[in-house]
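Please open the model in your viewer and keep the selection tool at hand. The tour below proceeds from one selection to the next.

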Number of protein chains: 2
Amino acid sequence: MKQTLLFKNRVAVRARASIVGKKEGAGPLGGRFDVVLDDDLLGQKSWELAESEMLRRAACLCLERGGLDVSALELITAGDLINQLMPSSLMARSLGRPFLGLYGACSTFAEGALIGGAMVEGGFRKNALCAASSHFCTAERQFRFPLELGTQRPPAAQWTATAAGAMLVDREKAPAQARLTHGTIGRVVDFEVTDANHMGAAMAPAVADTIQAHFIDTARDFSDYDRIITGDLGYIGRNLLKELLVQRGVEIDDEKLVDCGASLFYQEQDVHAGGSGCGCVAAVTCAVALDNLEKRAWKRVLVIGSGALMSTTSAQQGESIPGVAHAVALEVDE
Amino acid sequence: MKQTLLFKNRVAVRARASIVGKKEGAGPLGGRFDVVLDDDLLGQKSWELAESEMLRRAACLCLERGGLDVSALELITAGDLINQLMPSSLMARSLGRPFLGLYGACSTFAEGALIGGAMVEGGFRKNALCAASSHFCTAERQFRFPLELGTQRPPAAQWTATAAGAMLVDREKAPAQARLTHGTIGRVVDFEVTDANHMGAAMAPAVADTIQAHFIDTARDFSDYDRIITGDLGYIGRNLLKELLVQRGVEIDDEKLVDCGASLFYQEQDVHAGGSGCGCVAAVTCAVALDNLEKRAWKRVLVIGSGALMSTTSAQQGESIPGVAHAVALEVDE
């Protein structure tokens with residue numbers, strides 16, 4: 001298979017945890033998350049430390065749910081949007097377990113899940129905790145403008161979610177919430193979008209590329225999944241994705257195509273094109289997708305995290321924004 | 001094994017390539033690298049594009065050496081020091097193959113080698129190209145001062161190497177240059193160093209932790225290796241590592257302990273505490289360690305890449321610099 005890893009032994013999802021900020025908690029999915037924060041600063045002295053603390057709490061809650069003592073954890077895969085992965089590194093420092101830091105922008109949760117899955121399926125690790133986070137306040141000040149400026153946001157802009165998700169996988173045969181069966185590694189695709197406030201457009205081509213690669217590799221299509229869940233294309237990117245899939249000759253089922261970013265907020269919450277951020281797909285996957293699988297409301301889903309690989313340096317140099325998307329297939333035991 | 005992955009089938013190193021800048025080419029290892037650049041800008045319009053082009057050339061040279069068409073490449077693992085991995089992302093865009101972006105600061109080459117090794121050993125990918133780069137001019141302006149300022153550097157400062165290395169691994173049984181037999185995943189360790197010009201001190205505790213973990217997991221010690229090769233501790237960090245290993249009760253053999261950063265430049269080249277950067281350990285491993293293994297001058301080495309997980313944000317917030325170190329064991333066929 002050209003881009004897809006097959007987990008024949010079906011890696012078990014043992015536990016999951018999700019934490020979101022106040023605004024995310026007030027959205028349509030608010031009741032599904034494990035924790036809705038009262039205070040997005042979490043009592044810390046900086047937004048970066050707050051994001052790290054949120055990620056740490058998600059990781060610890062997930063371990064607690066899985067009944068795994070941190071000393072028995074064999075791998076952490078994690079990442080975020082912040083320069084040099086400050087939130088993830090500090091979280092990993094506090095956990096003190098083997099740590100692989102990843103950067104795939106908002107594709108990081110899926111990237112970590114497929115690496116963690118491969119490490120467990122391949123027999124290299126007994127278990128792995130796959131986590132990712134984002135925070136509105138750290139991302140805005142790093143990528144765009146100081147919050148204090150109150151800069152007006154264009155209609156295509158997306159709202160970086162304050163959210164963290166963590167998933168614990170292992171290779172036990174015992175009944176699992178869900179099973180990780182495939183991971184599809186994305187290629188970097190660039191349609192020469194240069195507007196950092198148009199990320200859905202920058203990422204949609206990579207998502208189309210990865211969905212098609214997954215379908216070709218696995219001989220599956222929309223009919224094999226209850227939902228095809230994209231990370232944070234938002235309203236605009238979701239529509240572009242449909243066009244791109246049609247162009248590629250992929251038959252789509254519009255009702256099965258769900259975007260986490262487009263689901264996280266009400267339109268009245270003034271988030272323009274929808275939510276985004278590594279934590280968006282991580283938290284929604286853990287809170288909604290895995291929950292629906294566990295309840296057997298869904299039997300099989302494909303989660304595609306997509307990242308806009310931009311930096312302030314690349315933007316200032318006039319470079320376009322390359323996209324990348326990684327996918328993981330999750331299903332229930334028969 | 002607590003932190004170590006065992007590659008029972010011994011992943012084959014099929015090809016390697018290294019490119020360095022002018023200053024690195026004038027150092028004691030200058031004659032060993034595949035390419036020494038005339039122009040560290042490589043004809044590009046920015047240092048970031050130059051670093052990306054250097055990494056791309058190393059990747060392509062490695063594929064050429066391995067006789068592998070890029071269309072048959074099943075995985076790229078890569079990373080660098082620059083925000084949001086701009087050099088690696090643009091390299092991956094140009095190659096168009098499945099890409100996992102990694103951030104482990106200067107530990108990235110070892111991190112990528114152990115992930116690539118696991119993907120190949122586990123049967124998930126037929127081959128993987130593991131690459132990393134750094135560039136003096138991109139790193140200085142991002143982490144420290146604009147070059148134009150001509151800021152004086154303190155004696156403990158290290159010189160970020162302009163260098164890239166790439167290694168192609170596969171699972172063929174045919175005779176190989178060397179074999180990847182183990183990967184040890186590091187933990188984040190922090191001895192509360194806050195000086196970004198004292199990276200050797202920030203990283204040495206993580207290196208000691210990973211070396212000891214590797215020895216415990218594999219029941220090996222210094223006597224099992226021809227060389228224990230650290231990435232870029234430099235002169236100061238190397239001495240601290242020895243102290244820390246002794247404190248931990250690890251018996252050391254000083255002559256076998258080699259640091260890439262401390263080997264890359266002559267003292268007269270005014271690099272103070274030695275070289276550093278993701279590209280330093282990548283290029284020296286590909287040019288020297290794998291070459292000596294191929295020539296059977298060495299039979300077995302342990303390469304430990306170590307990263308100082310700092311950012312300008314964490315430094316401005318007064319945070320200490322956590323370190324992480326990953327290791328890979330390389331040996332020849334009997």
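The stops below cover the interface of the two chains and then individual salt bridges.

This is a predicted model, in which local features need pLDDT of at least 70 and side-chain atom pairs count only at pLDDT 80 or more, while totals for chains, interfaces and linings use all residues. Residues are numbered from 1 along each chain as its sequence is written, chains are lettered from A and ligands numbered from 1 in the order in which they are written, and side-chain values use heavy atoms, with hydrogens and water left out.

**Both chains**

Superpose chain A on chain B: a turn of 180° and a shift of 0.0 Å along the axis give an RMSD of 0.0 Å (least squares on the C-alpha atoms of residues with pLDDT of at least 70 in both). The two copies are thus related as by a two-fold rotation axis.

**The interface**

Select the residues in contact (heavy atoms within 4.5 Å): 57 belong to chain A and 58 to chain B. Of the interface residues of chain A, 100% are also interface residues in chain B, so the copies meet through the same surface. The chains bury about 4600 Å² between them, 59% of it on carbon and sulfur atoms; this area is the accessible area (1.4 Å probe) that two parts lose on being put together, summed over both. Next, select Gln84(A), Arg93(A) and Phe124(A), which supply 16% of the area that chain A buries against chain B, more than any other three residues.

**Salt bridges between the chains**

The interface holds 4 salt bridges (a side-chain nitrogen of Lys or Arg within 4 Å of a carboxyl oxygen of Asp or Glu). Select Arg93(B), which forms one with Glu319(A), the closest N and O atoms being 3.8 Å apart. Arg93(B) also forms a salt bridge with Asp190(A), at 2.4 Å. Arg93(B) lies in helix 3 of chain B and Asp190(A) in the loop between strand 8 and helix 6 of chain A, so the pair joins two chains (helices, H or I of at least four residues, and strands, E of at least two, are DSSP runs numbered from the N terminus). Asp190(A) is buried at 18% relative accessibility, whereas Arg93(B) is partly exposed at 27% (buried is under 20%, exposed over 50%, partly exposed in between; 1.4 Å probe, protein chains only).

**Within one chain**

Select Glu74(A) and Lys126(A), whose side chains meet in a salt bridge of 3.9 Å, N to O. The pair ties together parts that are 52 residues apart in sequence.
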